[in-house]
Amino acid sequence: MAQATPDAEQIVTAYVAMWNDRDYAKIPELVSESFVMYDTNAPADDIPGPAGEVHGPDGLEAWIRAITTAFPDFEADIQEMLASDDRVMYEVTLSGTHEGEFAGIPPTGREIELSGMESYRVADGAVQEHRTYYDRQEFLNQLGLTDDAT
């Protein structure tokens, strides 16, 4: 097992800033070569890894670019963070305006604001694993794609 990273919280904070700033050059510094992200929206096409997973630094960059093409003003806002040894978790608010195709969904022009949880495993100075949890039904509702849409 990899050695726990004493500054796991700082690494995850830098990782979130990289997403928000679209600072793709920092990806190799922040994630391991064996990095895996679990997100139910991740497609099997054009993103390294099977559906629902993003593999490696190149996969992460492709996934961030896909999200920020669809939601150019995408932002992750950390609400509360907990860290212990090699694990970091936080409550997050994800927001953005749907201006490009995403997961086969044409642009709706609608703004989203979702609450969720993020979980990370950090070792050897890099993010090894990122899991994201949010209410997919609420996401579809906010895009106006369900009968429950407001």
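**Strands, core and cavities**

In β4, L82 finds its bridge partner in M89. This is a predicted model, in which local features need pLDDT of at least 70 and side-chain atom pairs count only at pLDDT 80 or more, while totals for chains, interfaces and linings use all residues. Residues are numbered from 1 along each chain as its sequence is written, and side-chain values use heavy atoms, with hydrogens and water left out.

The L82–M89 bridge belongs to the antiparallel pairing of strand β3 (residues 75-84) with strand β4 (residues 87-97), which are joined by nine bridges. Two strands are taken to pair if DSSP finds at least two bridges between them. The strands themselves are DSSP runs of E with at least two residues, helices are runs of H or I with at least four, and numbering goes from the N terminus. β3 and β4 make a hairpin with two residues between them, and D85 in the turn has a positive phi of about 50°. With 59% relative accessibility, D85 counts as exposed (over 50% relative accessible area; buried is under 20% and partly exposed in between, with a 1.4 Å probe and protein chains only). From D85 to L140, 55 residues apart along the chain, the C-alpha separation is 35 Å.

Strand β1 (residues 31-38) has two partners to report. With strand β6 (residues 126-134), β1 runs parallel, joined by four bridges, and V36 sits opposite E129 in β6. With strand β2 (residues 53-55), the pairing is antiparallel and spans three bridges; here Y38 faces E53 in β2.

Next comes the nonpolar core, meaning a set of buried Ala, Val, Leu, Ile, Met, Phe, Trp, Tyr and Cys residues joined through side-chain atoms within 4.5 Å. The largest one has 40 residues, and those touching the most other members are Y15, W19, L60, W63, Y120 and F139. Helix α1 (residues 8-21) puts in the largest share of this core, seven residues. As for Y15, once neighbours within four places in sequence are set aside, its contacts (heavy atoms within 4.5 Å) are L30, V31, F35, M37, L60, Y120, V127 and H130.

Then there is the empty space. On a 1 Å grid over the protein atoms alone, a cavity is a set of points where a 1.4 Å probe fits but cannot get out, whereas a pocket is an open set with protein on both sides within 12 Å along at least five of seven lines; lining residues have an atom within 4 Å of a point. Points are joined across faces, edges and corners, and a volume is the space filled by probe spheres set on them. A search of the whole structure turns up one cavity of 30 Å³ or more. The largest cavity holds about 270 Å³ of space. Its lining has 22 residues, with W19, D39, I67, F74 and L94 nearest the centre. W19 is also among the core residues that touch the most other members. At least two lining residues come from each of α1, α3 (56-70), β4, β5 and β6, and β5 gives the most, with four. By class, the cavity lining has 17 nonpolar, three polar and two charged residues (nonpolar being Ala, Val, Leu, Ile, Met, Phe, Trp, Tyr, Cys and Pro; charged being Asp, Glu, Lys and Arg; polar being the others, Gly among them).

The largest pocket comes in at about 190 Å³. Around it sit P43, D45, D46, I47, W63, A66, E101, F102, A103 and G104, which break down into six nonpolar, one polar and three charged. Of these lining residues, D45 is in the loop between β1 and β2 and, with 59% relative accessibility, counts as exposed. D45 and D86 lie 31 Å apart, C-alpha to C-alpha, and 41 residues apart in sequence.

A103, another residue of the pocket lining, is in the loop between β4 and β5 (111-123). Its relative accessibility is 48%, so A103 counts as partly exposed. The backbone of A103 stands out too: phi is near 50°, a positive value in a residue other than glycine. Most residues other than glycine have a negative phi. R22, also not a glycine, has a positive phi of about 55° and lies in the loop between α1 and α2 (27-30).

T108 is in the loop between β4 and β5 and is partly exposed, with a relative accessible area of 30%. Not counting residues up to four places away in sequence, T108 touches H98, L143 and L145. The C-alpha atoms of T108 and A14 are separated by 31 Å, with their positions 94 residues apart along the chain.
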